[in-house]
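Hi there,

Here is the structure I promised to pass on to you. Have a look at it first, and then read on for what I found in it.

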Amino acid sequence: MTEAAAPERRARVLLVDDHRMFRTGVRAEIGRTEETGIDVVGEADDVESAVRVVAETRPDVVLLDVHLPGGGGVEVLRRSAGVEGVRFLALSVSDAAEDVIGVIRGGARGYVTKTITGTDLVNAIFRISDGDAVFSPRLAGFVLDAFAATDTPPVDEDLDRLTQREREVLRLIARGYAYKEIAKQLFISVKTVESHVSAVLRKLQLSNRHELTRWATARRLV
């Protein structure tokens, strides 16, 4: 019986996602090195661990979730900017224009959603490693529109008033999470969550979480 030929190309990949089961699934799907050529060199589940492991392993490609405890994918990009030779591909459940544009402006080379197949994800990783840009089909339009619109601000002015952490709290509130659940997910106290919510309501001139939810839904942030 003839053995299958090993892949000619290899890519070292770091998985960054706060859901352990999802990381396990991705590793099982793409991490069969002798078949796919992908060597998963590490995992991280929040901003701090991601920044540390990026610096330690210096992978070819980081598969980066957009919503992470500790500041989100944009914060990982900002703090890892000095690590040479590493490229980032956003892999997220979100298809919101604001998320796509935010991580691309932050330095990611592409953005695909978690509906992508294992085969397509492997292909996307190698394309990113080669320096190409990769987007799920409907997301490419967001980026083209944002960077082509030179006469209009590409970022929502109201949203731009919020810090990254306030945006994270905003999304979770709009998704119906209780304060205790948000505190647990973001590794902060309930009191801090309350402070962030108060700041968001004040900056957006909203009265309560129901108005906040409608505001976020209208902008496809949920």
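Let me start with two helices, α10 and α11, in what is a predicted model. Helix α10 covers residues 179–186 and helix α11 covers residues 190–204; they pack at an angle of about 105°, and their axes lie 8 Å apart. That angle makes α10 roughly perpendicular to α11. If you would like to find the contact on your screen, look for Y179, K180, I182 and A183 on the α10 side, which meet V190, V193, E194 and V197 on the α11 side. Sorted by class, this contact of α10 with α11 has 6 nonpolar residues, 2 charged ones and no polar ones.

Helix α10 has another partner, α9, which spans residues 164–174. Here the packing angle is about 135° and the axes are 10 Å apart. Because of that angle, α9 counts as oblique to α10. The crossing of α9 past α10 is right-handed. From α9, the contact draws on R165, E168, V169, L172 and I173, while α10 brings Y179, I182, Q185 and L186. By class, the contact of α9 with α10 has 6 nonpolar, 1 polar and 2 charged residues. Y179 and I182 may look familiar, since they are also among the α10 residues that meet α11.

Helix α9 also packs against α12 (residues 209–218), at an angle of about 100° and with the axes 9 Å apart. So α9 is roughly perpendicular to α12. In this contact L170, I173 and A174 of α9 meet R209, L212, T213, W215 and A216 of α12. These residues divide into 6 nonpolar, 1 polar and 1 charged. I173 is worth finding on your screen, as it is also one of the α9 residues in the contact with α10.

Two side chains in these helices deserve a look of their own. The first I picked is W215, which sits in helix α12. Is W215 buried or exposed? Its relative accessible area is 10%, so W215 counts as buried. Leaving out neighbours within four places in sequence, W215 is in contact with D158, L159, L170, L204, L206 and L221. To take one of these, L204 is 11 residues from W215 in sequence, and the two C-alpha atoms are 9.0 Å apart in space.

The other is R171, in helix α9. You might ask which residues an arginine like R171 touches here. Not counting residues up to four places away in sequence, R171 touches H67, E98, D99 and L221. At 5% relative accessibility, under the 20% cut-off, R171 counts as buried. L221 is therefore a handy landmark, because it appears in the contact list of R171 and in that of W215, itself buried at 10%.Now for the sheet. It is an open one, formed by 6 strands in the order β2-β1-β3-β4-β5-β6, and the pairing is parallel. The edge strands, each pairing on one side only, are β2 (38–44) and β6 (134–135). Strand β1 (residues 11–16) is joined to strand β3 (residues 61–64) by 4 bridges, and these two run parallel. Within that pair, L14 stands opposite V62 of β3. Helix α1 (residues 20–30) packs on the sheet, where it touches β1, β2, β3 and β4 (87–92), and its direction makes about 170° with that of β2.

On its other side in the strand order, β1 has β2 as its neighbour. β1 and β2 pair in the parallel sense over 6 bridges, and V13 stands opposite V40 in β2. How many of the residues in β1 are buried? The count is 5 of its 6 residues, which leaves β1 mostly covered. Helix α3 (residues 47–57) also lies across β1, β2, β3 and β4, and runs at about 165° to β1.

Finally, the chain as a whole. Its secondary structure comes to 12 helices and 6 strands. Of its 222 residues, 46% count as buried. Among the contacts between residues at least 6 apart in sequence, 68% join residues at least 24 apart.

Happy browsing, and do write back if anything is unclear.

Best wishes

Terms used:
Residues are numbered from 1 along each chain as its sequence is written. This is a predicted model: local features need pLDDT of at least 70, side-chain atom pairs count only at pLDDT 80 or more; totals for chains, interfaces and linings use all residues. Side-chain values use heavy atoms; hydrogens and water are left out. Axes are lines fitted to C-alpha atoms, for helices over the stretch in contact, and angles run from 0 to 180 degrees between N-to-C directions. Angles under 35 degrees count as roughly parallel, over 145 as roughly antiparallel, 65 to 115 as roughly perpendicular and the rest as oblique. Contact means heavy atoms within 4.5 Å. Ala, Val, Leu, Ile, Met, Phe, Trp, Tyr, Cys and Pro count as nonpolar, Asp, Glu, Lys and Arg as charged, and the others, Gly among them, as polar. Two strands pair if DSSP finds at least two bridges between them. Buried means under 20% relative accessible area, exposed over 50%, partly exposed in between (1.4 Å probe, protein chains only). A crossing is left-handed if the near helix is turned anticlockwise from the far one by less than a right angle, and right-handed if clockwise.
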